[in-house]
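Subject: A structure for you to look at

Hello,

Here is the structure I promised to pass on. Please open it first, and then read my notes below.

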Amino acid sequence: MAAHACCGVVAGTGSAASRRLKLRRPSRSSLMKARKTMRKAAAGGGKCPRTAASRRKRVMAIRRKMEALRRLVPPASGGGDGEERSADDGRLEELLLHAAGYIMRLQMQVTVMQVMVHALNSNPED
């Protein structure tokens, strides 16, 4: 039994359906719950107020991370111009949802490639 180094699939074990990743979009209720949690955290959530300096430092750290995420995730393909992208980038929620969608597309591509590698490496008798 040969193991494929690229995808961790071992030839001849189990069915192809059992090895497939089951990717689902997050439900609307789970997204709403996550947004509510983010709003609570942004509002302070009952914790003691922070000093202005520590708050400024925290905001700058979040901005740096948002910029890094923006550089990693390609722009949405909608045929729009660059001005539309810069206007939408100011919202953390939209950036995170766009990044989540991009991650899901990448996971689906990996799954398809794993299936293709398995199909090309399997014997016709299987």
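The notes below start with the protein as a whole and then turn to one pair of helices.

Please keep in mind that this is a predicted model.

**The whole protein**

The secondary structure consists of five helices and zero strands. Read from the N terminus, the order of the elements is α-α-α-α-α. Of the 126 residues in the protein, 10% are buried. The protein exposes about 10500 Å², and 58% of that area comes from carbon and sulfur atoms. As for contacts, take those in the protein with a separation of 6 or more: residues 24 or more positions apart account for 58% of them.

**Helices H3 and H5**

How do H3 and H5 cross? Helix H3 covers residues 52-72 and helix H5 covers residues 92-121; their axes come within 11 Å and cross at roughly 40 degrees. That angle falls outside the range under 35 degrees that counts as roughly parallel, and also outside the 65 to 115 that counts as roughly perpendicular, so H3 and H5 are oblique to each other. The crossing of the two helices is left-handed.

Which residues meet there? On the H3 side they are Met66, Leu69, Arg70 and Leu72, and on the H5 side Leu92, Leu95, Leu96, Ala99 and Tyr102. By class, this contact of H3 with H5 has eight nonpolar residues, one charged residue and no polar ones.

I hope this helps you find your way around.

Best wishes

Key. Residues numbered from 1 in each chain as written. Predicted model: local features only at pLDDT ≥ 70, side-chain atom pairs only at ≥ 80, totals over all residues. Heavy atoms only, no water. Axes fitted to C-alpha atoms, helices over the stretch in contact; angles between N-to-C directions. Helix = DSSP H or I, 4+ residues; strand = E, 2+ residues; numbered from the N terminus. Parallel < 35°, antiparallel > 145°, perpendicular 65-115°, else oblique. Left-handed = near helix turned anticlockwise from the far one by under 90°. Contact = heavy atoms within 4.5 Å. Nonpolar A, V, L, I, M, F, W, Y, C, P; charged D, E, K, R; others polar. Buried < 20%, exposed > 50% of the residue type's maximum accessible area, 1.4 Å probe, protein only. Areas by Shrake-Rupley, 256 points an atom, 1.4 Å probe, with all protein chains shown as cover.
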